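Trainee: Could we go through the way a contact between two domains is read, beginning with its charged pairs?

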Amino acid sequence: MALYDFAKGLVLEAGNKVRLMMKDELNIETKSNPNDLVTNVDRATEDYIYDMIHQNYPEHKVIGEEGHGHDLIDTSGVVWVVDPIDGTLNFVHQQENFAISIGIYHEGKPYAGFVYDVMRDILYHTKVGEGAFENNHALEPLKDTQLKTSIIGINPNWLTKPIMGPIFAPIVNDARSARAYGSAALEIVSVAKGQLAAYLTPRLQPWDYAGGLMILNEVGGKGTNLLGETLTITRPNSIIMANPLLHDEIISDYLKNHEDTLRMHHKKRFGN
């Protein structure tokens with residue numbers, strides 16, 4: 001079986017298992033803070049994906065949110081970047097609006113991306129260079145927009161922060177409106193579908209954006225860090241995902257003037 005087909009089947013089966021496990025009582029723990037949750041389902045789903053990959057492709061590398069190889073330096077060969085439950089707060093409180101996200105890289109280059117909206121049974125996927133799909137329906141190329149006519153995605157909590165609030169507030173003020181859905185992977189997919197024109201957030205790990213970024217790129221979207229620099233899977237970053245015109249407008253008119261502050265914030269948070 002081709003790698004792409006194997007990965008597609010694996011994501012769907014992992015989603016089936018999540019839906020079954022949701023019928024049982026959740027075990028919920030906190031990680032870095034009271035709002036950073038992990039459940040037994042997160043861990044069991046990542047373990048299942050990891051085990052299935054290594055049964056079929058023992059030479060492949062896997063990095064995942066819940067403990068499988070956080071620190072990746074060598075990107076040679078095939079690397080899977082896995083978030084077993086993206087949107088754990090939604091998973092716990094709403095039992096929907098969460099996704100399984102997987103990005104596969106070959107020799108450091110994007111190969112395939114998957115974002116599975118588990119409860120809606122919608123799989124967004126791409127084999128790079130062959131288009132992006134919502135289940136079997138091809139996604140259309142993105143249309144450019146300007147900020148004043150755009151709905152953007154941003155978590156309102158960031159507007160209350162002393163460093164990021166003053167940077168993000170003018171963007172929100174000048175946009176037509178703003179939304180927050182609570183799953184980075186699904187918000188990036190919303191940009192790829194044109195439902196959101198942009199999605200901005202600090203402090204994302206590679207497994208949060210790897211799968212969605214490939215899907216976005218495939219429809220002509222643009223994803224970088226907040227200073228317009230290339231994202232990698234070897235370190236976390238703060239991101240902007242948008243249609244090309246809006247991406248460049250937000251970078252040049254709103255973010256470049258805060259370059260020193262953004263770099264300081266990144267170094268303080270991530271140390272690099």
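Mentor: Let us begin with the term itself: a salt bridge is a side-chain nitrogen of Lys or Arg within 4 Å of a carboxyl oxygen of Asp or Glu. In this predicted model, Lys193 pairs with Glu134 in such a bridge, and their closest N and O atoms are 3.5 Å apart.

Trainee: How many salt bridges does the rule find across the interface of domain 1 and domain 2?

Mentor: The rule finds one salt bridge across that interface. For polar contacts, the count between domain 1 and domain 2 is nine residue pairs, with both residues at pLDDT 80 or more.

Trainee: Which elements give two or more residues to the side of domain 1 that touches domain 2?

Mentor: They are the strands S3 (61-64), S4 (78-86), S5 (99-106), S6 (109-117), S7 (122-127) and S8 (132-134). The largest share of that side, seven residues, comes from S6. By residue class, the side of domain 1 that touches domain 2 divides into 19 nonpolar, 13 polar and seven charged residues.

Trainee: Where do the two domains lie along the chain, and how many residues does each bring to the contact?

Mentor: The domain assignment gives residues 3-138 to domain 1 and residues 147-270 to domain 2. Their centres, taken over C-alpha atoms, are separated by 21 Å, and the contact takes 39 residues from domain 1 and 20 residues from domain 2.

Trainee: What area do domain 1 and domain 2 bury between them, and which three residues of domain 1 supply more of its share than any other three?

Mentor: The two domains bury about 2100 Å² between them, and 68% of that area is on carbon and sulfur atoms. On the side of domain 1, the three residues are Asp86, Tyr105 and Tyr124, which supply 23% of the area that this domain buries against domain 2.

Trainee: Which residues does UniProt place under the feature "binding site"?

Mentor: The unreviewed UniProt entry places that feature at Glu65, Asp83, Ile85, Asp86 and Asp208. These residues span 144 residues in sequence, yet no two of their C-alpha atoms are more than 9.6 Å apart, so they gather at one spot. Asp83, one of the annotated residues, is found in strand S4.

Note on methods: Residues numbered from 1 in each chain as written. Predicted model: local features only at pLDDT ≥ 70, side-chain atom pairs only at ≥ 80, totals over all residues. Heavy atoms only, no water. Domains from an automatic or database assignment. Contact = heavy atoms within 4.5 Å. Buried area = accessible area lost by both parts, 1.4 Å probe. Polar contact = N/O pair within 3.5 Å; in protein donor to acceptor, adjacent residues only side chain to side chain. Helix = DSSP H or I, 4+ residues; strand = E, 2+ residues; numbered from the N terminus. Nonpolar A, V, L, I, M, F, W, Y, C, P; charged D, E, K, R; others polar. UniProt positions renumbered as here; feature names shortened; annotations may be inferred.
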